[in-house]
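Q: Please pick one part of this structure and take me through it slowly. I'd like to hear how the pieces sit together, and then how that part fits with the rest.

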Amino acid sequence: MNPSPPTRTVVSCTLLVIALSASVTACGSDGHPLSAAPYDAADQISFNGPTGDGKKADPDKPLEVTADGSGRITDVTAVDATGRYVAGELDAGGGRWHSTSPLAANARYTVRVSTENRGGAPGRRVLTFDTGKPLTKKRLNVTFGPRAGTYGVGQPLTAELSRPVKDKAQRAVVERALKVDSMPAAEGAWHWVDDKKLHYRPKEYWPAKATIRVRSNLHGVRISDRLWGGRAKPLRITTGDRVIAVTDASSHWMTVYRNGKEIRSMPVTTGKPGFETRNGVKVVLGKERLVRMRGTSIGIPRGSSESYDLPVHYATRVTWSGEYVHAAPWSVGSQGYANVSHGCTGMSTGNAEWFFDNVREGDVVKVVNSQGNTMAPFGNGYGDWNLTWKNWRKGSALIGGTPEGPKPEERARLRPESV
């Protein structure tokens, strides 16, 4: 059996406990106020959320917490049941906090508010509330382009969104609902040009004499907590013959093909040094029988040695910045021999008239062997075809980053080959 501890040890321990107890008591009353347990600040805090049973907050409205004049707010945390925090701002005086990020719909939130009274003592209030469905739903409407009609085989489809969509998962919802059907069939994909615009093109050019339909299945589809799909007018276009014009800037010659057969070859002139014609594939944007061309439109100072102001006939536009295929009777002596233009492709009036009459919007105009840069894919017309198919796919929220291969329904039909 163990001997009893010495009496002085027991007394010392007792004195230590008493001393510690006294110390705790002192801190709880006359000590520093921040070491005390927080008081209930319910009567000092108010917020704009629902207070009655069964009532739900509108997630479209920001959360706001305010303090009365007897204290100030020192901190606020708001988190939903899944652990997502709500960002917010507290004013300099601690009198008001408000959320700066949206609340989720149909969610339960817990809000912890820390306060401090005039004496410096800490207070706490915990609030819980539920959000319901947004009272007003924002709609994402889609407008398809181009307008209904017949186009060349290089014409991309466009989808303009009424609101920006940045989140990749939300983009996938939108893209999945935008349906394109072609007869004959053509493999293609959407590409996000920016937050509000998509382009669609096939892997190769559209088939000649094709019928292409595009529609949206977004109506009523939830894209995010506050954004729902709206209506969209479907679009039907057709393609004509496969017309492709190839300009070789080094040989100063253009050759035009229809459905794979050469139908005309003619001398041309393209951009001279400093004004080189852009390389790459362009798509006819429109045609103007007479257009006034000024050097100032491409940055040439009025009155300089390069300045010009001319009426130009049979102008077929291929960029929004002013590149055309057009009649240039003043340079006939150089056509087929030298590049003397300011970036356009010039030809005789007779050849320009023939070209004007034999191409339509969407036909392909390709420039090779120029010293100029390659036309940008977007922003100055339709340079979509200057992206490789691999890079085009990267712009899709559905197939970007995935290996190219048969579609799921096609894979289901594949069978191993016999060995």
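A: Two strands count as paired if DSSP finds at least two bridges between them. This is a predicted model, so to speak of local features we need pLDDT of at least 70, side-chain atom pairs count only at pLDDT 80 or more, and totals for chains, interfaces and linings use all residues. Numbering starts from 1 along each chain as its sequence is written, and side-chain values use heavy atoms, leaving out hydrogens and water.

Let's go for the open sheet of 4 strands, ordered β10-β12-β15-β14 with antiparallel pairing. Its edges are β10 (142-145) and β14 (188-194), each of which pairs on one side only. Going from one strand to the next, the twist averages 20 degrees. (Strands are DSSP runs of E, at least two residues, helices runs of H or I, at least four, and both are numbered from the N terminus.)

Zoom in on the β14 edge. Strand β14 runs antiparallel to β15 (residues 197-202), and 6 bridges join them. There's a nice histidine pair here: His-191 stands opposite His-199 in β15.

Now add the helix. Helix α2 (residues 168-177) lies across β12 (157-161) and β14, with contact meaning heavy atoms within 4.5 Å. So what angle does α2 make with β14? About 135 degrees, on a scale from 0 to 180 degrees between N-to-C directions, with axes fitted to C-alpha atoms (for helices, over the stretch in contact).

For a bit of context elsewhere in the chain, look at β7 (residues 108-117), which has antiparallel partners in both β4 and β8. With β4 (residues 71-80), strand β7 shares 9 bridges, and the β7 bridge partner of Gly-71 is Asn-117. With β8 (residues 122-130), strand β7 again forms 9 bridges, including the one where Thr-115 meets Gly-123 of β8. The hairpin of β7 and β8 leaves 4 residues between the strands, and Gly-120 takes a positive phi near 90 degrees in that hairpin.

Zooming all the way out, the protein chain comes to 5 helices and 27 strands. Taking the chain's contacts between residues at least 6 apart in sequence, 65% join residues at least 24 apart.
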